[in-house]
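This briefing is for a reader meeting the structure for the first time. Look at the sequence and the model, then read the points below by topic.

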Amino acid sequence: RAIRPILNLVMIKAILVFNNHGKPRLVKFFVRYNEDLQQQIVRETFHLVSRRDDAVCNFLEGGSMIGGSDFRLIYRHYATLYFVFCVDSSESELGILDLIQVFVETLDKCFENVCELDLIFHVDKVHHILNEMVMGGMVLETNMTEILTHIEAQTKLEKQETTAVSFVKAGMASAPTRAIAAVNTLKAAAPFKR
């Protein structure tokens with residue numbers, strides 16, 4: 001089973017995003033489980049959530065793998081993706097539904113109409129967005145404007161870093177050409193005596 005932390009302060013146990021076919025697109029556990037158990041949890045969670053009608057409420061008791069009645073699965077189904085938060089029973093269901101909404105809206109703003117492929121090809125950025133909101137199973141930020149400000153600042157830093165690295169690489173790439181030109185200039189200015 002799970003390796004329990006000394007202080008059971010982790011409210012959110014896991015965040016799972018999978019498509020309509022059960023393929024995981026984002027898996028983040030805040031409680032340590034071995035890899036086989038994580039895969040079983042993802043499968044069980046998909047089966048529990050995908051069988052539910054869209055007209056029923058978006059929270060249910062956790063499956064036997066994640067901890068049963070001590071935990072809740074709170075989810076939203078958007079187009080082809082399920083966003084599922086596995087939380088302990090003391091967490092506010094409506095608060096987590098709002099958190100899911102903020103997460104999806106933030107993804108939508110960052111990727112300009114987010115789709116499943118964005119989660120696949122930009123997994124680092126998706127994790128960065130999620131880390132701005134939740135860390136260690138605790139909610140850090142729910143204000144989308146603040147989250148976007150931090151993401152934009154990080155993107156700006158990454159672009160500056162990429163530009164600086166490009167200049168260095170360009171300088172190094174042209175170094176052999178400059179060295180040859182300098183040698184040719186020296187040869188032309190002072191021919192060797194034999």
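Ala79 sits in the loop that runs between strand E4 (71–78) and E5. The model is a predicted one. Ala79 has a positive phi of about 50° although it is not a glycine. With a relative accessibility of 70%, Ala79 counts as exposed, because the cut-off for that class is over 50%.

**Positive phi values**

- Most residues other than glycine have a negative phi.
- Besides Ala79, a positive phi is found at Asn113, where the value is near 75°.
- Asn113 belongs to the loop between H2 and H3.
- The relative accessible area of Asn113 is 60%, so this residue is exposed.

**Overall make-up**

- The chain contains 5 helices and 7 strands.
- In sequence order, these elements give the pattern β-β-α-β-β-β-α-α-α-β-β-α.
- The chain has 194 residues, and 35% of them count as buried.
- About 12,100 Å² of the chain is exposed, and carbon and sulfur atoms supply 56% of that area.
- Among contacts with a separation of 6 or more, 50% are between residues 24 or more positions apart.

**Nonpolar cores**

- In soluble globular proteins, nonpolar side chains tend to be buried together.
- In this model, the largest nonpolar core has 30 residues.
- The residues with the most contacts inside that core are Ile12, Phe83, Phe85, Ile96, Phe103 and Leu107.
- At least two residues of this core come from each of strand E1 (12–19), strand E5 (81–88), helix H2 (93–111), helix H4 (123–133) and helix H5 (144–189).
- Helix H2 gives the most to this core, with 10 residues.
- A second core, separate from the largest one, has 17 residues, including Phe18, Phe29, Val42 and Phe46.
- Leaving out residues up to four places away in sequence, Ile96 touches Ile12, Ile74, Phe85, Val87 and Glu91.

**Salt bridges**

- Side chains of opposite charge can pair when their charged atoms come close.
- The count for this model is 2 salt bridges.
- One of them joins Arg25 and Glu116, with 2.7 Å between the closest N and O atoms.
- Arg25 is in strand E2 (residues 24–29) and Glu116 is in helix H3, so this pair ties together parts that are 91 residues apart in sequence.
- Arg25 has a relative accessibility of 24% and therefore counts as partly exposed.
- Another salt bridge is formed by the side chains of Arg72 and Glu93, at 3.5 Å from N to O.
- Arg72 lies in strand E4 and Glu93 in helix H2, and this pair links distant parts of the chain that are 21 residues apart.
- Glu93 counts as partly exposed because its relative accessibility is 22%.

**Helix H3 and its surroundings**

- Helix H3 covers residues 116–121, and Glu116 is part of it.
- Is Glu116 buried or exposed? Glu116 counts as buried, because its relative accessibility is 18% and the cut-off is under 20%.
- The side chain of Glu116 also makes a polar contact of 3.4 Å with the side chain of Thr80.
- Not counting residues up to four places away in sequence, Glu116 touches Asn19, Arg25, Thr80 and Leu81.
- Ile120 is found in helix H3 as well, and at 35% relative accessibility it counts as partly exposed.
- Leu117, Ile120 and Phe121 form a nonpolar patch on the surface, and their accessible area together is about 310 Å².

**Contacts of helices H4 and H5**

- Glu132 is in helix H4.
- With a relative accessible area of 22%, Glu132 is partly exposed.
- Setting aside neighbours within four places in sequence, Glu132 is in contact with Leu140, Glu141, Ile147, His150 and Ile151.
- Between Glu132 and Phe103, which are 29 residues apart in sequence, the C-alpha to C-alpha distance is 9.9 Å.
- Met144 is in helix H5.
- Met144 touches Val102, Glu105, Thr106 and Lys109, not counting residues up to four places away in sequence.
- The C-alpha atoms of Met144 and Glu105 are separated by 8.0 Å, while the two residues are 39 residues apart along the chain.

Notes. Residues numbered from 1 in each chain as written. Predicted model: local features only at pLDDT ≥ 70, side-chain atom pairs only at ≥ 80, totals over all residues. Heavy atoms only, no water. Core = buried A, V, L, I, M, F, W, Y, C linked by side-chain atoms within 4.5 Å. Buried < 20%, exposed > 50% of the residue type's maximum accessible area, 1.4 Å probe, protein only. Helix = DSSP H or I, 4+ residues; strand = E, 2+ residues; numbered from the N terminus. Contact = heavy atoms within 4.5 Å. Polar contact = N/O pair within 3.5 Å; in protein donor to acceptor, adjacent residues only side chain to side chain. Patch = residues over 30% accessible without salt bridge, like charges linked within 9 Å, V, L, I, M, F, W, Y side chains within 5 Å. Areas by Shrake-Rupley, 256 points an atom, 1.4 Å probe, with all protein chains shown as cover. Salt bridge = Lys/Arg side-chain N within 4 Å of Asp/Glu carboxyl O.
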